[in-house]
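Let's take a walk through this structure together, going from side-chain details to the larger interfaces and back to the backbone. Have the view open and follow along.

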Amino acid sequence: MTHVSRAAVVALTLGSLSGFGFAQPSPATVIDGATILIGDGKTIDKGVIQIRNGKISAVGAHVPPAMMAETFYADGKFVTPGLIDVWTTLGASAAASGVGGDAADAINRYDRDDMMAAIRHGVTAAYVPAEAGDGVGGVGAVVRYAPKAGGVSVLKDRAALHVSVGAGQTALQRLASIQKFESMWRNALDYRDAQERYKEDLEEYEKKIKERAEKAEKEKKTDEGKDKAEKKPDEPKPEEKKEEKPKPDKPKKGRKPKTDVAPFGLDLSDIVAGGFDEQPPKPEQKPGEEGKPGEKADEKKEEIKKPEAPPRNPEAEALLDVIDGKIRVRVHAERPAEIVAVIEAAKRYNLPLVLEGASGARFVAKSLKKLEAPVVFGVEPQTMLESPGPMRYNSFDAVVHARQAGIEAYMGSGVPEQTPQLVSRAAAAVAAGLPEREALPMITSKAATLLGVDEEIGTIEGGRSADLVVWSGNPFAPGAQVERVYIAGELVYDIEENE
Amino acid sequence: MTAPRVCWIIAGFALGAVVARGDTLRITADGWIDPTGKLVKGPVAVEVADGYFKAAPAPIEPGSPVADKTTTYEGAILCPGLVDVSAALGALSQLTEDADSFQPDLTTRDAFDRFGPRLHRALEAGVTTFGLAPDDQNVIGGRIAVCKTFGEDGKPRVIDAYGPLKLSLSPAVFQRDRAPTSRSGALGMLTHAVDGAHHKATTAQDDDPKDALMLFSYGALQGVISAPSAADVLYALDLQSRYGLKLVIAHTMDAFETADLLGKAEATVIVGPLTWSSTEREQRAPGLLSKAGADVVVAGGLPLAPANALRIGASLASRCGLELNAARRAITIEPARALRIDDRVGSIQGGRSADFVVFSGDPLDLRSRVLAVYVDGAPAFVAPKQDVE
């Protein structure tokens, strides 16, 4: 045997061993001896976590040793799942926040400092909304901070549509915002009706054209350069004209009678900058389409009128997706009056709602509980002074009060600065009355379930992604520091390299 | 956590000051914060008479007979009343007179409303003493009035109308309509003023009256100076060593650059306030400074920060490198020292005012709750009973 062939045999043998013998393409990482807080409230003392291929391959008090494993001895330390901030704009830029925008596209992947600040405090994943001031925004995404692999990875795109109500500072702005919020769902349904009517009318129109074309088969018209290359008839029949009238407004499935009335009958559309127009904007008329003077019905009575396409309304389309249950809606509302409006809309249109902000929730806790929608709270008051603005009713124990009232409540941040403080804020919530066993699940397993990513993250279980935080002690205890962070099995932070 | 057993606390609250004036009050708990900031665990008893601690808490045998007039807090920790070194609690509008940027003889006592709202919320969060600090708009803002959050009539009161002198190098002192309008102007004017006062003070006869600036100019009166940038810190340290001043330096932002300097000077540095919105850079400042050798004070900044801002600040700092004992000192004895009242409050020792907070656990642990607050030996606040699972 030559040298070369011997090497080949060795390579083959190794290949077959790894292929058949072990079926383990990469060596495992093992965290050994730590107190493991699973994330669902359970604890494993002096446990072992085995990581392979980015996932947790085994966890427990006794895990059989893995071949060639890289072991991190963590006696006296605590391990938790990566914490999840269910509401933060950390990492997001304002770029893609309007209607049709997508937070997943708006993440600034180069904002490494902010992401590392979150990671150094144990936060590895977050729901990022696509906020747009007052009204309808874009769609939010669940992201995982991955500083080494391109900044972020998107765990769930199009997680929820963002809507904000009552963001204005003055009472009239807020009133206008509520009015707009209440009517926009109705308008979305009207928009759908208009679309469907148009579709029917168009079919009818085409049918007529066809019939006439068959009758007068030899007549032809020039094309006029239309996109759809539809033929313009010359001799419409008077008797067909009648049927072109708009059909009576048939009630559609899931649709309720129009009951939205502006408060006190006011039209507040001029008050708020940006316009709270009840009507969708007028379309730009394309050349060659409808609206030419020569085609007006009153001028040429015999002509078959092509039905006018309703203008496209992206906002209404986004809201229809919510009404149809295709996507959740996360409505940011702070004051009790706005929350009431949200509750009413959610009930009337059966919206898949998550309420955001909700600092005034305690005043409407009963109706909120009845609605059974999850509520994501933002940050506690940053001052002892009372603010006249939307945060007027905020309190340090808002999330605790909601939970005690039976509301499914979560702790989010809302703004990027507070995300690193998530664990400290959860500790403070314990002082405010949150049972201690619920504190960690609120920011790990339950948070993952709320965001619909619990198959992947949120608990330390076999098969879950290895998003793990090693703490110097109990994460809620004073002085507890994050010593290591693994994201998808990769060590992204090690305190020893940063001291 | 076990709910504390309160023996006759309601009666004690009703009698309040009467009890404190007459008899000896005995409090037992399961640990205390000693003057070094250490959490000493184990059953202890402390005795209070006439509003003062008779001695430091002494260990007791578990299960020993309960003496007469004893209030027992099972599982609780006794902590010195928290001290906010720079608060604006009860301030009537702003705390400086902006017409002239040198106001060494004003005192914030005159802008203090002891009936102001929200003061009780600071008390309920464990704050017993605070310095009512002039704002940052004046180079020399005036004297800091030292106040307690609870007095004999149940309202806050001033305990020292003429505390340390407040100085500022903050950009807020540069104003268009009066000097200084620039940083160099501010520094030049301050140096000139201190130099003149120093000369006057050191050449004066012993019985000549000395004003605040003169006292400050040779270290007889402590100053607290806002020095936001690293350059401001350099200047303050230089001024201090040149004239032998006693300066406490309020500085957070550039601790990465200044920690070694401040540590070498064995300075007392006020950091914060630190809140949920503070950046990591700010949160790391206390740890860096303390490690370098400086004494660190964590400011609360009430009411512009939440009522429990002192504990939040110290706790956040402890997660970013501030040693636990130093973190506890930073909201008790160190701010008392910065206000020159550490011989009266800030620690649980014989002869000190019996200002203390009964916490359900370590005060640095944000899970801990305030169970009761005593000021001058009187139960100023007793938390309503909370069912904790």
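A good place to begin is a charge above a ring: the charged end of A:R392 sits over the ring of A:Y393, 5.8 Å from the ring centre. Keep in mind as you look that this is a predicted model. Chain A offers another arrangement of this kind, with the charged end of A:R484 placed over the ring of A:F72 at 3.8 Å from its centre.

Stay with A:Y393 for a moment and turn to aromatic pairs, of which there are six over all chains. In one of them, the ring centres of A:F363 and A:Y393 are 5.2 Å apart with the planes at 70°, and because planes over 60 degrees apart count as edge-to-face, that is the class of this pair. The two partners come from distant parts of the chain, 30 residues apart. A:F363 belongs to the loop between β11 (353-357) and α8 (365-371) of chain A, while A:Y393 belongs to the loop between β12 (375-377) and α9 (398-404) of chain A. How exposed are these rings' residues? A:F363 has 52% relative accessibility and counts as exposed, whereas A:Y393, at 28%, counts as partly exposed. Elsewhere in chain A, you can pick out an aromatic cluster formed by A:F181, A:W185 and A:Y349.

The loop between β11 and α8 of chain A has something else to show, since A:A358 is placed there too. Its phi is near 55°, a positive value in a residue other than glycine. A:A358 has 0% relative accessibility, so it counts as buried.

Now move over to chain B, which is divided into domain 1 (5-80 + 347-388) and domain 2 (82-338). Taken over C-alpha atoms, the centres of these two domains of chain B are 30 Å apart. Their contact involves 28 residues of domain 1 and 24 residues of domain 2. About 2100 Å² is buried between the two domains of chain B, with carbon and sulfur atoms giving 62% of that area. On the domain 1 side, B:L364, B:L366 and B:V375 lose the most area to domain 2, together 28% of what that side buries. Charged contacts are found here as well: four salt bridges cross the interface between the domains. For a salt bridge in chain B, look at the side chains of B:K148 and B:D376, which meet at 2.7 Å, N to O.

Next comes the place where the two chains meet, a contact that takes 33 residues from chain B and 36 residues from chain A. Together the chains bury about 2800 Å², 50% of it on carbon and sulfur atoms. Within the area that chain B buries against chain A, B:W276, B:R319 and B:R367 supply 35%, more than any other three residues. Two salt bridges span this interface. B:E280 and A:R120 join their side chains in a salt bridge of 2.5 Å, N to O.

Finish with the backbone of chain B. A cis peptide bond with omega of about 5° joins B:G272 and B:P273, and B:P273 lies in the loop between β15 (268-271) and α8 (280-292) of chain B. The bond from B:L302 to B:P303 is cis too, with omega near 5°; B:P303 is in the loop between β16 (295-298) and α9 (309-319) of chain B. Last, B:R340 has a positive phi near 60° and lies in the loop between α11 (333-338) and β17 (356-359) of chain B. With a relative accessible area of 47%, B:R340 is partly exposed.

Note on methods. Residues numbered from 1 in each chain as written. Chains lettered and ligands numbered in written order. Predicted model: local features only at pLDDT ≥ 70, side-chain atom pairs only at ≥ 80, totals over all residues. Heavy atoms only, no water. Phe/Tyr/Trp six-rings, centres within 6.5 Å; stacked < 30°, edge-to-face > 60°. Helix = DSSP H or I, 4+ residues; strand = E, 2+ residues; numbered from the N terminus. Buried < 20%, exposed > 50% of the residue type's maximum accessible area, 1.4 Å probe, protein only. Lys NZ or Arg CZ within 6 Å of the ring centre and 35° of its normal. Domains from an automatic or database assignment. Contact = heavy atoms within 4.5 Å. Buried area = accessible area lost by both parts, 1.4 Å probe.
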